[in-house]
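Hi everyone, thanks for making the time. I'd like to walk you through one structure today, starting with the ligand and then moving on to the salt bridges.

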Amino acid sequence: MKFWVLTLFPEMVENAVKTSITGRAMEKGIIEFEAVNIRDYTIERHGKVDDYPYGGGAGMLMQAQPIYDAYMSIVEKIGYEPRTVYLTPAAKVFTQKKAKEFALEENIVLLCGHYEGVDERVLEKIVTDYVSIGDYVLTGGELAAMVVIDAASRMVPGVLTNAASGQDESFSGNLLEYPQYTRPEEWMGEKVPAILLSGHHANVEKWRREKAIERTMERRPELLKVEDNEDN
Ligand code: 6GU
């Protein structure tokens, strides 16, 4: 799958994606990444991409034209209008379910806003999905785009080397992940729970499930309410 990022700071996103697991997936050709610099598409002098909001108010807005032309350069390359995500705090919060959904796309465009936002008219023309990564405000959409790319990439077959590791984890099955331990068996006087050393697979599984439930009740009790929770 290919991630296209519309941004004023292409190197910021590119440096993140080419690092670690997503970087290896790129080398293997399992995922592709291309940042499109919105500034390259301005028709105004001095690379201007923003202007004052009509009606007044604080800050500047990104103008429609450079964003639209940058987006159309992608459409022309791939031959169709792809799923296009605008990263904004004014949206539903990104979930594992969305990550899995995005991972099924052949191409996905992530539009990163800056300043106080983006002219609504271009959003209406190109955006298919509005996504926030949490209830706080970032200075721009790039960090959010990196989060979405990371979470979606690891759901693309072949990106994670261990086939099971995309499955048995926090937010699959609406439970947080159980506590885990590695060597040494005792550290600062603290022993690894004996059951994990028992070699009794069924008991280990039962213990992990109990711990996952316990932890979820303690840290994220709302996840146990099934009603608003087909989200994972
Ligand atoms: Cl997606 N963008 C920005 N600018 N701030 C955010 C966000 C996105 N999600 C949470 N805060």
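Before we look at the ligand, one term: when I say polar contact, I mean a pair of N or O atoms within 3.5 Å. And please keep in mind that what you see is a predicted model.

So, which residue's polar backbone atom is 2.5 Å from a nitrogen atom of the ligand? That is tyrosine 136. Leucine 138 also uses its backbone here, with an N or O atom 3.0 Å from a ligand nitrogen. Serine 132 does it with its side chain: a polar atom there lies 3.3 Å from a nitrogen atom of the ligand. As for how covered the ligand is, on its own it would expose 290 Å², and the protein buries 96% of that.

Let's look at the surroundings. The residues around the ligand include Leu87, Thr88 and Pro89, then Val131, Ser132, Ile133 and Gly134, and further along Gly140 and Ala144. What is the make-up of that shell, in nonpolar, polar and charged residues? Eight are nonpolar, four are polar, and none is charged.

Now for the charged side chains. How many salt bridges does a search of the whole structure find? The number is 14, and I'll pick out three.

My favourite pairs arginine 83 with aspartate 129, at 2.9 Å from N to O. Arginine 83 sits in strand 5, residues 83–87, while aspartate 129 belongs to strand 7, residues 129–131, so this pair ties together parts that are 46 residues apart in sequence. Are these two buried or exposed? Both arginine 83 and aspartate 129 are buried.

The next one joins the side chains of arginine 220 and glutamate 222, with an N to O distance of 2.6 Å. Arginine 220 has 31% relative accessibility and counts as partly exposed. Glutamate 222 is partly exposed as well, with a relative accessible area of 35%.

Before the third, a word on shared partners: Arg83, Lys98, Glu101, Glu105 and Asp129 are joined into one network by salt bridges that share partners.

The third bridge is between lysine 48 and aspartate 51, whose side chains meet at 3.3 Å, N to O. Lysine 48 is partly exposed, its relative accessible area being 28%, and aspartate 51 is partly exposed too, at 29%.

To wrap up, the picture to take away is a ligand that the protein buries to 96%, and a buried salt-bridge pair, arginine 83 and aspartate 129, that links strand 5 to strand 7. Thanks for listening!

Terms used. Residues numbered from 1 in each chain as written. Predicted model: local features only at pLDDT ≥ 70, side-chain atom pairs only at ≥ 80, totals over all residues. Heavy atoms only, no water. Near = heavy atom within 4 Å. Polar contact = N/O pair within 3.5 Å; in protein donor to acceptor, adjacent residues only side chain to side chain. Areas by Shrake-Rupley, 256 points an atom, 1.4 Å probe, with all protein chains shown as cover. Nonpolar A, V, L, I, M, F, W, Y, C, P; charged D, E, K, R; others polar. Salt bridge = Lys/Arg side-chain N within 4 Å of Asp/Glu carboxyl O. Buried < 20%, exposed > 50% of the residue type's maximum accessible area, 1.4 Å probe, protein only. Helix = DSSP H or I, 4+ residues; strand = E, 2+ residues; numbered from the N terminus.
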